[in-house]
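Biologist: Got a minute for this one? Put it up and walk me through the strands.

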2 protein chains.
Amino acid sequence: MSASPGIARTPEPPYYAVIFTARRTEGDHGYTAMAARMEALGATYPGFLGIESARGADGIGITVSYWRDEASIAAWKRDTEHERAQRGGRETWYADYQVRIAKVERAYGKP
Amino acid sequence: MSASPGIARTPEPPYYAVIFTARRTEGDHGYTAMAARMEALGATYPGFLGIESARGADGIGITVSYWRDEASIAAWKRDTEHERAQRGGRETWYADYQVRIAKVERAYGKP
């Protein structure tokens, strides 16, 4: 566990991670507002454990959200507003992306 | 799979991900050179599948490396030069970090 800003305080494994790596298109087109809204909305879902996000100057961003189980991930993916954002991602905001769903088996921090 | 710069071309799951989330200390202190060297060296290890990295202006960085199996991750962790870098990370470069080892079960990209 960690109390550092930007580093999620997750419980002992096992739990799930959704690793979202994306390359943005040019321009904002409402992206910043949508991303903030999705982060806030996702955090209200049962089973949400935390989120970490970084985007470099080269336009590559990585967001990892942590979840109790796969059912929690599936429920959030089906959220109506989130579905609309996913469509906007495919059509407008992301030139490319990859989503990976992974089961966290071990974790450790700075001693 | 993806051919996009910055997005790793990984095979069909299952495979492993090492999610490394860190908050840097102030100043470089040799960090940039070490990070480039570690990325190049890690890629020579058997079982290495790819790497994705992003660091925001807030100092939070996320690096996800992908590996065929846990044995590949363990072998890279024991590399002598990597062990020295890990010690430098604890002592100098990182104010805090979290390492999570996760088994990627599913993956999909932009249609």
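Biologist: Which residue is the bridge partner of A:Ala22 in β4(A)?
Modeller: A:Tyr97 is the bridge partner of A:Ala22 there. Strands are DSSP runs (E, at least two residues), numbered from the N terminus.

Biologist: Is this a predicted model, and what's the numbering?
Modeller: This is a predicted model: local features need pLDDT of at least 70, side-chain atom pairs count only at pLDDT 80 or more, and totals for chains, interfaces and linings use all residues. Residues are numbered from 1 along each chain as its sequence is written, with chains lettered from A and ligands numbered from 1 in the order in which they are written.

Biologist: Back to β1 of chain A and β4(A). How many bridges?
Modeller: 10, with antiparallel pairing between β1 (residues 15–24) and β4(A). Two strands pair if DSSP finds at least two bridges between them.

Biologist: And β1(B) with β4(B), how many there?
Modeller: Also antiparallel, over 10 bridges. In that chain, B:Tyr16 has B:Lys103 of β4(B) as its bridge partner.

Biologist: What joins β4 of chain A to β4(B)?
Modeller: 11 bridges, and the two strands run antiparallel. A:Lys103 is partnered by B:Lys103. A:Tyr108 stands opposite B:Val99.

Biologist: What order do the strands of the sheet take?
Modeller: β2(A)-β3(A)-β1(A)-β4(A)-β4(B)-β1(B)-β3(B)-β2(B), an open sheet of 8 strands with antiparallel pairing. β2 of chain A and β2 of chain B are at the edges with a single partner strand each, so one side of each has no neighbour in the sheet. On average, neighbouring strands are turned by 25° against each other, direction ignored. The axes behind such angles are lines fitted to C-alpha atoms.

Biologist: How many residues does each chain give to the contact?
Modeller: 35 from chain B and 35 from chain A. Contact means C-beta atoms, placed from the backbone, within 7 Å.

Biologist: On chain B's side, which element gives the most?
Modeller: β4(B), with 15 residues. That side of chain B divides into 16 nonpolar, 8 polar and 11 charged residues. Nonpolar covers Ala, Val, Leu, Ile, Met, Phe, Trp, Tyr, Cys and Pro; charged covers Asp, Glu, Lys and Arg; the others, Gly among them, are polar.

Biologist: New topic. Why does A:Leu49 count as partly exposed?
Modeller: Because A:Leu49 has 18 C-beta neighbours inside 10 Å. Buried takes 20 or more other C-beta atoms within 10 Å, exposed 12 or fewer, and partly exposed is in between.

Biologist: Where is A:Leu49 found, and what does A:Leu49 touch?
Modeller: A:Leu49 is in strand β2 (residues 48–55) of chain A. Leaving out residues up to four places away in sequence, A:Leu49 touches several residues, including A:Tyr15 and A:Trp67. A:Thr10 is 39 residues apart from A:Leu49 along the chain, with a C-alpha separation of 6.0 Å.

Note on methods:
Contact = placed C-beta atoms within 7 Å. Helix = DSSP H or I, 4+ residues; strand = E, 2+ residues; numbered from the N terminus. Axes fitted to C-alpha atoms, helices over the stretch in contact; angles between N-to-C directions.
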